[in-house]
Amino acid sequence: MGGTGSTRNERDSRVPARAGALVAMRATHIFGAGDIRVIDVPDPAIQASTDAVVRVSRACVCGSDLHPYHSLAPTTEGVSIGHEFIGVVEEIGADVTTVTPGDFVIAPFAVSCGVCEFCRTGLQTSCVDGGFWNDGQLGTTGGQAEAVRVPLADGTLVAVPGVTASTDETLLASLLTLSDVYGTGWHAAIRGGVTPGSTVTVIGDGAVGLLAVLSARQLGAARIVLMGRHELRTDLGREFGATDVVAARGPEGIAAVRELTAGGSSIVLEAVGHLPAYEQAVGIVRPGGVISRVGVPQYEEAPVGFGSLFGHNITLTGGPAPVRAYIERLLPAVLDGSVQPGRVFDRTVSLSDTPTAYKAMDARQALKVMVRP
Ligand SMILES: [Zn+2]
Ligand SMILES: [Zn+2]
């Protein structure tokens, strides 16, 4: 937003008051490892002229939500959680122009301005004014709630014409994957450089790994090896386009993939984030190949020297997916039903049952759980 200070003040003064709003809503908070509760919190309101308030239609639990679920130190106040949601715009600030109340929107897992150097080049996760949900500095809260205040609404939200909160469940599920897991799987494949005819190995049979398979297939990969040991998941992976499944891990898994790919996979998409998965990637990548990571690394130190990456000219890439950059590209096939990334959801719970969603995903009884406020 440009202009002088006085212009900005004038604009801020035009931010509408939130007349008639609910005084409280239900939202999911984490109070420490294993302690998820759904509590009453103040209803979100417009704070800046670039904000929108979105009424959540569907949200879900992410594999990355399980990291604090395992390790967060106890806190008496609780911290809001959840970063994947779709919903209907309820209210907008005076300077919001790309969405309007009533619009059905996809909210990416990162907030972005849409105009800075990084947003313009499609790296919205590095937006100079952006951030994430549940971010103390931005004052954002989480998506596993009845409503969310969305800062920088013009840059962040993507309106989907023709869709409403009562659209067919199958389509809503697939749209919800565009807020993170589908875009993240796609990012892995893009960073890996998948092109028609590529040989790709995907490490991880979680939602992101499975959607990395789908993405590699969409980009024309000829051979897609999926490494995972949960048969229901790897079966879905085969339906998404995996040509081979390797259940073995460690040296045995590495040997199996090297044999299947006659000496190593040119492209390895790592969708787990733990060190053994990285080591597996290093073990199966072909000389001159690429390792693309989208699993949030749970380590800071890993081999990069002569014996791992350097000696065979291996490229290491990946990072948080700028899913905002991919939504327009991925949306048409979702809307016409030719891809159904929403098949990764195998359970739905009400908002008040969100704690059970964490339990089920943590116990690997559910692949990905949708939350319905
Ligand atoms: Zn996520
Ligand atoms: Zn930006």
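Is helix H7 mostly covered or mostly exposed, and how many of its twelve residues are buried? Keep that in mind while we look around this predicted model.

**Stop 1: the two domains.** Color residues 22-180 plus 323-372 as domain 1, and 184-318 as domain 2, following the domain assignment. Their C-alpha centres sit 27 Å apart. Where they touch, each side puts in 14 residues. On the domain 1 side, you'll find seven nonpolar, three polar and four charged residues.

**Stop 2: the core.** Now select Ala52, Val54, Val105, Val202, Ala212, Val213 and Leu269. These have the most contacts inside the largest nonpolar core, which counts 109 residues. Both domains feed this core, with at least three residues from each. In soluble globular proteins, nonpolar side chains tend to be buried together.

**Stop 3: helix H7.** Select 207-218. This helix gives the core its largest share, eight residues. From first C-alpha to last, H7 reaches 16 Å, close to the 16 Å expected at 1.5 Å a residue. Back to the opening question: H7 is mostly covered, with ten of its twelve residues buried. Color those from Ala207 through Ala216, with Leu210 and Ser215 among them.

**Stop 4: the neighbours.** Show what the buried residues of H7 pack against: helices H5 (169-177), H6 (181-192) and H8 (231-240), plus strands E11 (199-203), E12 (223-227) and E14 (265-270). Then zoom in on Val213. Beyond its neighbours within four places in sequence, Val213 is in contact with Val202, Ile224, Leu226, Gly237, Phe240, Gly241 and Ala242.

**Last stop.** Click Gly220, just after H7: its phi is positive, about 100°.

How values were computed
Residues are numbered from 1 along each chain as its sequence is written. Chains are lettered from A and ligands numbered from 1 in the order in which they are written. This is a predicted model: local features need pLDDT of at least 70, side-chain atom pairs count only at pLDDT 80 or more; totals for chains, interfaces and linings use all residues. Domain bounds come from an automatic or database domain assignment. Two residues are in contact if their C-beta atoms, placed from the backbone, lie within 7 Å. Ala, Val, Leu, Ile, Met, Phe, Trp, Tyr, Cys and Pro count as nonpolar, Asp, Glu, Lys and Arg as charged, and the others, Gly among them, as polar. A nonpolar core is a set of buried Ala, Val, Leu, Ile, Met, Phe, Trp, Tyr and Cys residues joined through C-beta atoms within 7 Å. A residue is buried if 20 or more other C-beta atoms lie within 10 Å of its own, exposed if 12 or fewer, and partly exposed in between; C-beta atoms are placed from the backbone. Helices (H or I, at least four residues) and strands (E, at least two) are DSSP runs, numbered from the N terminus. The expected span of a helix is 1.5 Å times one less than its number of residues.
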